[in-house]
Amino acid sequence: MTERFSFDLKATDGKARTGVISTPRGEVRTPAFMPVGTAATVKAMMPESVRATGADILLGNTYHLMLRPTAERIDRLGGLHKFMNWDRPILTDSGGFQVMSLAGLRKLTEKGVTFKSHVDGSKHELTPERSMEIQRLLGSDIVMCFDECPALPADRDRIAESMRLSMRWAERSREAFGDRPGHALFGIMQGGLEQDLREESAEALKAIGFEGYAVGGLAVGEGQEAMFDCLDYAPDFLPTDTPRYLMGVGKPDDIVGAVARGIDMMDCVLPSRSGRTGQVFTRYGVVNIKNARHADDPRPLDEACSCPACLNYSRAYLHHVFRSNEMISGMLLTWHNLHYFQEIMQGMRDAIAAGTFAAWQAEFHAQRAQGDI
Ligand SMILES: CNc1nc2cc3c(=O)[nH]c(N)nc3c(CCO)c2[nH]1
Ligand SMILES: [Zn+2]
């Protein structure tokens, strides 16, 4: 076990990379998908089940946990890992994105953001310094800079002004983070869909120096084509010897396309959230389990899947418990979706290491029907 944070790039195939992030709480195989554990739980999953799907790391949220139960209470109780019974690495987001998407009555200044809690209307402030303090109290292994993620579409001046504010906040985040061996601070690149602003942001972050770099400001409604156009150049502005994390992505084909463009880590609520709404991802396409045509179907969701839902239950059963709004529905469909997402990651890690990523990608797309199956 290491007391340090490090990234070891094992192999590349085209722009795709595979490696290992070493932390005092364990290793993270990349490319990695991080399940989202917003309120100190990956919804409908026990932590040991999350681990059983193949996850090495999960994501927590500064915004939600500062409001309820508060970072100070989690600290008093031994930190987020003990609190939620997950002893492997945790990456926490810094709160800015969630404030802009969830909180009310927001006021943005150079200092930071004041806002009203979406939980109880109480007033709060987030600054780079306060975000670093909260993430330290939580005890997260990978801390994200406090940034502003502008909603798209936005005009170029707004994007430039927002990115430059985020770069000043990145400087303050680095300063406030302090010297924490074994812990990492990741910078977040902004700049919208403007190539020169993306490059300016990357240069600013590299001049400050971080243990990893995220591509932020995407998956905010721009669509897959525009996102991939940006990913055709943005990761190349980042160092090759530190992890690259694409925030908030995505559907299976988004994930594969991002890895093909040099991304090492991703997070998304999709597999867990859609598991609760009956949307099931399989290698052949999407199954909407609430559809009546599954009512008498004795087959599993996916004959080739080894998750508990596919080994032990029929589509007919899953259709029934979804329609009956039974808790086991969200549990089984979430487990399957997270298992499938991790199977995609393992397949890509193996293919990149073997130099067969192009063939793996072709097979991935050939298997998938368009639309529901
Ligand atoms: C779902 N799409 C998405 N785009 C994002 C973009 C950002 C971003 O630019 N900055 C920060 N701090 N977080 C982000 C997050 C939350 C991560 O799950 C995003 N999530
Ligand atoms: Zn399954």
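**One cavity and one ligand pocket**

Good morning. A search of the whole structure, which is a predicted model, finds one cavity of 30 Å³ or more. Its volume is about 30 Å³.

Let me begin with the walls of that cavity. The residues lining the largest cavity are Val-28, Arg-29, Ala-32, Phe-33, Gly-54, Asp-56, Ile-57, Gln-342 and Arg-349. Three elements each give two or more residues to this lining: strand S3 (26–30), strand S4 (32–34) and helix H14 (327–354). Sorted by class, the lining holds four nonpolar, two polar and three charged residues.

I turn now to the ligand. Ligand 1 takes up the space of the largest pocket. Around ligand 1 there are 16 residues, of which Asp-93, Asp-147, Gly-217, Leu-218 and Asp-267 come nearest. By class, this shell comprises seven nonpolar, six polar and three charged residues.

Which side chains place an N or O atom beside an oxygen atom of ligand 1? One is Asp-267, with a side-chain N or O atom 2.7 Å from a ligand oxygen. Another is Gln-190, where the distance from a side-chain N or O atom to an oxygen atom of ligand 1 is 3.0 Å. On the nitrogen side, a polar side-chain atom of Asp-93 lies 2.7 Å from a nitrogen atom of ligand 1.

How much of the accessible area of ligand 1 does the protein cover? On its own, ligand 1 has 440 Å² of accessible area, and the protein covers 88% of it.

To close, Asp-93 and Asp-267 are among the residues that come nearest to ligand 1, and the ligand itself occupies the largest pocket. Thank you.

Key: Residues are numbered from 1 along each chain as its sequence is written. Chains are lettered from A and ligands numbered from 1 in the order in which they are written. This is a predicted model: local features need pLDDT of at least 70, side-chain atom pairs count only at pLDDT 80 or more; totals for chains, interfaces and linings use all residues. Side-chain values use heavy atoms; hydrogens and water are left out. A residue is near a molecule or strand if one of its heavy atoms lies within 4 Å of it. A polar contact is a pair of N or O atoms within 3.5 Å; within protein, one must be able to donate a hydrogen and the other to accept it, and residues adjacent in sequence count only if both atoms are side-chain atoms. Accessible areas come from the Shrake-Rupley method with a 1.4 Å probe; for residues, only the protein chains shown count as cover. On a 1 Å grid over the protein atoms alone, a cavity is a set of points where a 1.4 Å probe fits but cannot get out, and a pocket is an open set with protein on both sides within 12 Å along at least five of seven lines; lining residues have an atom within 4 Å of a point. A molecule sits in a cavity or pocket if more than half of its atoms lie within 2 Å of its grid points. Ala, Val, Leu, Ile, Met, Phe, Trp, Tyr, Cys and Pro count as nonpolar, Asp, Glu, Lys and Arg as charged, and the others, Gly among them, as polar. Grid points are joined across faces, edges and corners, and a volume is the space filled by probe spheres set on the points. Helices (H or I, at least four residues) and strands (E, at least two) are DSSP runs, numbered from the N terminus.
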